[in-house]
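Okay everyone, thanks for squeezing me in. Let me put a structure up on the screen, and then I'll walk you through it.

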Amino acid sequence: MFNIQYELGCRPIEEIQIPLTIRDELPPTLLALQYIYKTPELNEQVSKIIDAKIRKGKKQTGRKGMTGWEILVLATIRNSLNTDYDQLLIQANYNWLVRSIMGIENGFGEDRKAYGLQTIKDNVRLLTEEDIDKINDLTVSLGHQLVHKKNRP
């Protein structure tokens with residue numbers, strides 16, 4: 001299950017306010033990611049998909065890198081915005097809303113988490129379009145269940 005260890009000064013992901021009046025593709029994408037994070041059943045299922053993919057055949061080395069959640073956020077943004085890795089680097093390092101959904105701090109000090117281009121490429125490529133489609137299908141399926149429950153007397 002995705003369970004973010006927040007840095008000092010970070011807001012919990014479920015409390016991030018995403019602007020809904022902007023006609024850009026990013027806010028709905030971030031809203032879907034927020035929904036995945038705060039819905040326990042979906043969070044667990046998506047986390048299993050991600051863990052199986054990124055940990056496949058690898059030892060735990062203890063190195064700092066990207067969490068499964070950070071990889072999911074960036075892979076989803078890349079897929080939904082049809083963007084290149086250079087633009088994704090800018091989103092990951094400088095877009096405060098993206099960083100907030102990733103659960104990382106938005107400051108500008110020396111200790112601020114920043115990503116290199118190769119780190120983003122190496123990690124985001126671990127998730128294929130099929131993996132993102134599986135996650136999308138899970139999200140849509142759960143959303144349909146919620147709609148049916150609301151429409152019942």
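I'll start with the overall fold and then turn to one pocket.

One thing to keep in mind: this is a predicted model. So what is the protein built from? In terms of secondary structure, you get seven helices and zero strands. If you trace the sequence from start to end, the pattern goes α-α-α-α-α-α-α.

Now, how are the residues packed? The protein has 153 residues, and 39% of them count as buried. Look at the contacts too: among those with a separation of 6 or more, 70% are between residues 24 or more positions apart. On the outside, about 9,800 Å² is exposed, and 50% of that comes from carbon and sulfur atoms.

Okay, on to the pocket. I picked the second largest one, which holds about 210 Å³ of space. It's lined by 13 residues, and the ones closest to the centre are Ala 32, Thr 76, Ile 132, Ile 135 and Asn 136.

Which helices supply at least two residues each of that lining? Those are α1, running 26–38, α3, covering 68–81, and α7, spanning 129–151. Of these, α7 gives the most to the lining of the second largest pocket, with five residues.

And what classes of residue do we find in that lining? There are six nonpolar, six polar and one charged. If you want to find the spot on your own screen, try looking for Ile 132 and Ile 135, which are among the residues closest to the pocket's centre.

That's my bit, thanks for listening!

Conventions
Residues numbered from 1 in each chain as written. Predicted model: local features only at pLDDT ≥ 70, side-chain atom pairs only at ≥ 80, totals over all residues. Heavy atoms only, no water. 1 Å grid on protein atoms, 1.4 Å probe; cavity = no way out; pocket = protein on both sides within 12 Å on 5 of 7 lines; lining within 4 Å. Points joined across faces, edges and corners; volume = space filled by probe spheres on them. Helix = DSSP H or I, 4+ residues; strand = E, 2+ residues; numbered from the N terminus. Nonpolar A, V, L, I, M, F, W, Y, C, P; charged D, E, K, R; others polar. Buried < 20%, exposed > 50% of the residue type's maximum accessible area, 1.4 Å probe, protein only. Contact = heavy atoms within 4.5 Å. Areas by Shrake-Rupley, 256 points an atom, 1.4 Å probe, with all protein chains shown as cover.
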